[in-house]
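Here is a set of exercises to work through with the model open beside you. Try each task yourself before reading its solution.

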Amino acid sequence: VQLQASGGGLVQAGGSLRLSCAASGSSLSIIVMGWYRQAPGKQCELVADIVRGDTNYANSVKGRFTISRDPAKNTVFLQMNSLKPEDKAVYYCNARARRNAYWGQGTLVTVSS
């Protein structure tokens with residue numbers, strides 16, 4: 001499985017960005033898709049993931065971020081609203097199958113205050 005992420009960039013606090021991650025290869029094996037992030041000097045953390053229609057969010061992004069998935073396009077999205085400077089991080093797409101986990105390249109999100 002290969003994951004191609006896009007959509008990062010620079011935005012002012014309070015603004016929005018939408019991240020996309022397209023899966024290719026043996027994508028039918030994917031059970032969970034999600035997004036992680038790693039801020040400078042901090043550990044990588046789960047932002048949100050989705051299993052079929054069930055979603056899970058980090059407390060810090062609840063009510064601001066929305067994860068969705070288009071199974072027909074093997075793509076997962078992360079709509080990020082009301083962005084805060086503390087959301088600045090490299091965001092990584094993740095896909096999990098029964099026995100393997102896959103990572104996309106990171107996409108940088110920068111939020112200016």
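## Exercise 1: The largest pocket

Task: find which residues line the largest pocket, then sort them by character.

Solution. Step one is the list: R37, A39, K42, Q43, E45, P85, E86, K88 and A89 line the largest pocket. A pocket here is found on a 1 Å grid over the protein atoms alone, as an open set of points where a 1.4 Å probe fits, with protein on both sides within 12 Å along at least five of seven lines; lining residues have an atom within 4 Å of a point.

Step two is the sorting. The lining divides into three nonpolar, one polar and five charged residues. In this scheme Ala, Val, Leu, Ile, Met, Phe, Trp, Tyr, Cys and Pro count as nonpolar, Asp, Glu, Lys and Arg as charged, and the others, Gly among them, as polar.

Step three is the volume: the pocket holds about 160 Å³ of space. That volume is the space filled by probe spheres set on the points, and grid points are joined across faces, edges and corners.

Before you go on, note that this is a predicted model, where local features need pLDDT of at least 70, side-chain atom pairs count only at pLDDT 80 or more, and totals for chains, interfaces and linings use all residues. Residues are numbered from 1 along each chain as its sequence is written, and side-chain values use heavy atoms, with hydrogens and water left out.

## Exercise 2: The cysteines

Task: work out which cysteines form a disulfide and which parts of the chain they tie together.

Solution. Start with the whole structure: a search finds one disulfide (a pair of cysteine sulfur atoms within 2.5 Å). The partners are C21 and C93, with sulfur atoms 2.0 Å apart. Next, look at the twist: the angle about the S-S bond is -85 degrees, and the link is left-handed. Then place the partners: C21 is in strand 3 and C93 in strand 9, so the bond ties together parts 72 residues apart in sequence. Strands (E, at least two residues) are DSSP runs, numbered from the N terminus.

Both C21 and C93 are buried, on a scale where buried means under 20% relative accessible area, exposed over 50%, and partly exposed in between (1.4 Å probe, protein chains only). Finally, check C44: it is in no disulfide, and the nearest cysteine sulfur, that of C93, is 12 Å away. C44 is partly exposed, with a relative accessible area of 40%.

## Exercise 3: The nonpolar core

Task: find which residues touch the most other members of the largest nonpolar core, and follow two of them.

Solution. A nonpolar core is a set of buried Ala, Val, Leu, Ile, Met, Phe, Trp, Tyr and Cys residues joined through side-chain atoms within 4.5 Å. The largest has 32 residues, and L3, M33, W35, L78, M80 and Y91 touch the most other members. Among the elements that give two or more residues to this core are strand 1 (2-6), strand 4 (32-38) and strand 8 (75-80).

Now follow L3. Contact means heavy atoms within 4.5 Å. Not counting residues up to four places away in sequence, L3 touches, among others, C21, M33, C93 and W103.

Then follow L78, in strand 8. L78 is buried, with a relative accessible area of 0%. Beyond four places in sequence, its contacts include L19, W35, V47, I67 and Y91.

## Exercise 4: Positive phi

Task: locate R52 and N74, and say what their phi values are.

Solution. First, the background: most residues other than glycine have a negative phi. R52 has a positive phi of about 50 degrees although it is not a glycine. R52 sits in the loop between strand 5 and strand 6 (54-57) and is exposed, with a relative accessible area of 72%.

N74 also has a positive phi, near 50 degrees. N74 lies in the loop between strand 7 and strand 8, and at 22% relative accessible area N74 is partly exposed.

## Exercise 5: Is D49 buried or exposed?

Solution. D49 is found in strand 5. At 10% relative accessibility, D49 counts as buried. Leaving aside neighbours within four places in sequence, the contacts of D49 include M33, D54, N56, I67 and R96. N56, for its part, is in strand 6 and is partly exposed, with a relative accessible area of 37%.

How values were computed
Helices (H or I, at least four residues) and strands (E, at least two) are DSSP runs, numbered from the N terminus.
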